[in-house]
Amino acid sequence: MLFMRRSHSVLPGFGLALGFTLAYLSLLVLIPLSAAFARTFTISWEAFLAHVTAPRVVASLQLSFGAALAAAAVNAVFGLLVAWVLVRYRFPGRRVVDALVDLPFALPTAVAGIALTAIYAGNGWLGEPLLALTGVKVAFTPLGVFVALTFIGLPFVVRTVQPVLEDLEKELEEAAQSLGATPAQTFSRVILPTVMPALLTGFALAFARAVGEYGSVIFIAGNMPLVSEIAPLIIIAKLEQYDYAGATSVAVVMLVASFLLLLLVNLLQWWSRRYAENRD
Amino acid sequence: MASIASSAPLVRATARRRPVAWVPIVLVGVALAYLSLFLFVPLFAVFFEALRKGWGVYLAAIREPDAWSAVKLTLLAAAIAVPLNLVFGVAAAWAIAKFDFGGKSLLITLIDLPFSVSPVISGLIYVLMFGLQGWFGPWLAEHELKVVFAVPGIVLATVFVTFPFVARELIPLMQAQGREEEEAAVLLGANAWQLLWRVTLPNVKWGLLYGVILCNARAMGEFGAVSVVSGHVRGYTNTLPLHIEILYNEYNFAAAFACASLLALLALVTLVLKTAVESRQAREQRP
Amino acid sequence: MIHRTLSRLAFAVAALAATPALAEVTLLNVSYDPTRELYQDYNKAFAAHWEAKTKEKVTIRQSHGGAGKQARAVIDGLEADVVTLALAYDIDAIAEKAKLLPADWQKRLPHNSAPYTSTIIFLVRKGNPRGIRDWDDLVRAGVSVITPNPKTSGGARWNYLAAWGYALRKYGSEAKARDFIAALYRNVAVLDSGARGSTTTFVERGIGDVLISWENEAYLALKELGPGKFEIVTPSLSILAEPPVTVVDRNVDKKGTRKVAEAYLQYWYTPQAQEIAARNYYRPIDPKVAAKFEKQFAKVSLFGIDEVFGGWQKAQKAHFADGGTFDQLYQPGKK
């Protein structure tokens, strides 16, 4: 049964703690979120479908999910690398770097957006040489969306993988090496399987955070309909036309997607913990 | 772990045997290049732009009354949101980590949900609830109560976006610690309060602090959700991130970045605190 | 003893609560983005005027943002005493959706309740390297245009309608106007969500050959951001933009601020206030003040939104609603 205790425990406070948790969760999160659903249900199913399958909406959802996926993938690869470097090597300024990794989490997204746009615009510090050398434009293209989403998703993979790498027993690697495994083999057969659950979690967190991102993206995206317009901006644009039902329709699609994604991550973690426990 | 000797080479592997010396250098180099592109350069740009017109402009921007009222509102919102989510985090973690019940994954997912909800939606839902056209709007208006476009709305939005952080920090920690210690305490006659104050909280204090720090950092920096419920009344319902946007829109770039650097500094202080907490924690865990 | 202290305390509290209402009133003016500087000046002038006249101190709080967003905030309960927005459509929405003011609000003040006007012009880079003189130059191949998104920005809708009106008059048919608009928006490089964002993109980021902009915004940008780096080009024909102002009846009646709120808006129609508008590059409606500032504004023939589009309600529905003309014409994926 949902939220019913399975086994008796001597510990006190289950009813109080769970009751408070559910009440607080309902008041602050579930009931307000249900307002979005309720507003959507004021329109018919056909109208809902018409809203969410309009070309601009589909394009924006594709961009939001696609760019978030790409940014999370890049963060998975480089985040793993950063975590590895921070855990395994000593170099000057390591602690500073370690502390700074969390910065995108704490910096207001609007500030991040403005700073990134200034840097990656055609006349910016990085945008100008990039344009001159490769002809690639970053700001005001879908690539700009990707850059902003990479920035805000950066801490998540590093922070989930780091503790696992710290716990990783070096003996295992050394044993593998002394048995004649190449570094590549050691990495793919020993290290990667161990960090995989954490890596996937970090990836999913970075993805979940990036899908809904608004503040940093609108400055750098260029916001061209069908090209570089993200889904949260569509919601705003619909609100500007006083189309609340249309706005909440898109919001509901995003909410359901986020929920399913997070549920998948949590089931994955639960499954991997159980797997690890059974193996012990 | 190996300590850094004074004659240590620039980059040194801590593993005892590392056959290829260039691998660490390349890896560190690539990692730093990646971080530079996405992290260091933007951070540097904030401070560079803030000080471009000199210290005078910088200080004037920070001392401006509207900036001050924005700082105060930001601190107030964080001061309410963080303790609320702290109490919630402890309760949720206690229920989830110390007991077995059905639907745990679902509950954790629901707690996580605010993390991945677009900030635009987070603000919108409170407008749908408490706005004049919303569910409780007319009732609130009749009783002269204001929620959205006033401080309570800003606090609510802040609570929403920082909702999961303390709980998410505590749940895995308390799960890993198991329940033996608490069970022993109960058998020895401890009551619920003693259990909480003497056994559970001391065990998780560093995780708790880390959660609070994350929660606070996010609370002060939130932009999108607060923007929807604020009403942008200058000197009145503007938080610091919103004030920055306003300055930017007034072409007052130096002042905008000056205030931004204030938030970046706040973030940096937070991160230094966090690092201190972590090293403290690591030292305590070592026997 | 206790009783006396209590009653004294109660008196003090009552006095505290009552004092501000007597000696000081606060108005909230909810406005759109480009009027920040204008209302900074105007609020100062009005506060001085009101204090001299009635001995009452008035503080005016300002809220600025995209016009649609601001109107929505008022609909959802932001207690504005007056709204001063970019287009009548947004105030119509407040009247229609929240019934906070009567539907015929626009008749309450002279000149369609628009005490200052503006128009849509071009900002180009120094020396006008692409030789932009009129709307036709904006649809030439290779010219990069900056304008905000009409879906999210009131100013952008004026830009769009100005171009449409020009094409309609010059080429004589709706079909040709559609082609013109389609070609124009094919040249748009960045579609920011607001007018200020577009100006920043053009001026600070160096993107685009021409910025379509409010006249007052262009002059302000010229003054604030790059004297000597940009030039203003006035097209042969443009739209008469009338940003309207009005009192929000339900809010002022609730707060008891109707008198001062109405006086606040009526003050716009005095010569002093008209000069403030002109100094902030808005076109004054007072003919005397207009004559005084004649040199500041380029001569341009203007058409009104009512004569070409039949008013804002119709224009909004036909052009900017989902599936409207803008959505049909603006398809950057297909060329």
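How many of the 287 residues of chain B count as buried? The share is 58%. Keep in mind as you look around that this is a predicted model.

**Chain B on its own**

Let us start with the build of this chain. Chain B holds 13 helices and 1 strand. Reading from the N terminus, the strand comes at the start and the helices follow, in the order β-α-α-α-α-α-α-α-α-α-α-α-α-α. The C-alpha trace of chain B spans about 65 × 55 × 30 Å along its principal axes. Now take the contacts in chain B between residues at least 6 apart in sequence: 69% of these join residues at least 24 apart.

**How sure is the predictor about chain A?**

For chain A the mean pLDDT is 85, and 96% of the residues in that chain reach 70 or more. Which elements of chain A have the lowest and the highest mean pLDDT? Helix α9 (residues 170-178) of chain A has the lowest, at 79, while helix α3 (residues 55-88) of chain A has the highest, at 92. Helix α3 will come up again below.

**Where chain B meets chain A**

A useful idea to carry along is that the size of an interface is often given as the accessible area lost when the parts come together. Between chain B and chain A, the buried area is about 9300 Å², and carbon and sulfur atoms give 78% of it. Within chain B, the residues B:Y34, B:F38 and B:F115 supply 8% of the area buried against chain A, more than any other three residues.

Each partner brings 101 residues to this contact: 101 from chain B and 101 from chain A. How many salt bridges does the rule find across this interface? The number is 0. There are, however, 7 residue pairs in polar contact between chain B and chain A, counting pairs with both residues at pLDDT 80 or more. On the side of chain B that touches chain A, helix α1 (residues 22-51) of chain B gives the largest share, 20 residues. Sorted by class, that side has 75 nonpolar, 13 polar and 13 charged residues.

**Where chain C meets chain B**

Next, turn to the contact between chain C and chain B. It takes 29 residues from chain C and 21 residues from chain B. The area buried here is about 2100 Å², with 53% coming from carbon and sulfur atoms. In chain C, the residues that lose the most area to chain B are C:R36, C:R61 and C:D76, and together they make up 23% of what that side buries.

The rule finds 2 salt bridges across this interface. One joins the side chains of C:E79 and B:K146, at 3.5 Å from N to O. Between chain C and chain B there are also 11 residue pairs in polar contact, with both residues at pLDDT 80 or more. Several elements of chain C supply at least two residues each to the side that touches chain B, among them α2 (36-54), α3 (67-75) and α4 (88-98). The largest share, 4 residues, comes from β2(C). By class, this side of chain C divides into 8 nonpolar, 7 polar and 14 charged residues.

**Salt bridges in the whole structure**

Over all chains, a search finds 37 salt bridges. Here are three examples:

| Salt bridge | Closest N and O atoms |
|---|---|
| A:R56 and C:D327 | 3.4 Å |
| C:E215 and C:R283 | 2.7 Å |
| C:D253 and C:R258 | 2.9 Å |

The pair of A:R56 and C:D327 crosses between chains, from helix α3 of chain A to helix α16 (residues 325-329) of chain C. Are these two residues buried or exposed? A:R56 counts as buried because its relative accessibility is 12%, and C:D327 counts as buried at 15%. Both belong to a network of salt bridges that links A:R56, A:E229, A:K238, C:K151, C:D322 and C:D327.

The second pair stays within chain C. C:E215 lies in helix α9 of chain C and C:R283 in strand β11 (residues 283-284) of chain C, so the pair ties together parts that are 68 residues apart in sequence. C:E215 is buried, with a relative accessible area of 2%, and C:R283 is buried too, at 13%.

For the third pair, C:D253 is partly exposed, with a relative accessible area of 48%. Its partner C:R258 is also partly exposed, at 25%.

How values were computed:
Residues are numbered from 1 along each chain as its sequence is written. Chains are lettered from A and ligands numbered from 1 in the order in which they are written. Side-chain values use heavy atoms; hydrogens and water are left out. Contact means heavy atoms within 4.5 Å. Buried area is the accessible area (1.4 Å probe) that two parts lose on being put together, summed over both. A salt bridge is a side-chain nitrogen of Lys or Arg within 4 Å of a carboxyl oxygen of Asp or Glu. A polar contact is a pair of N or O atoms within 3.5 Å; within protein, one must be able to donate a hydrogen and the other to accept it, and residues adjacent in sequence count only if both atoms are side-chain atoms. Ala, Val, Leu, Ile, Met, Phe, Trp, Tyr, Cys and Pro count as nonpolar, Asp, Glu, Lys and Arg as charged, and the others, Gly among them, as polar. pLDDT is the predictor's confidence in each residue, from 0 to 100. Buried means under 20% relative accessible area, exposed over 50%, partly exposed in between (1.4 Å probe, protein chains only).
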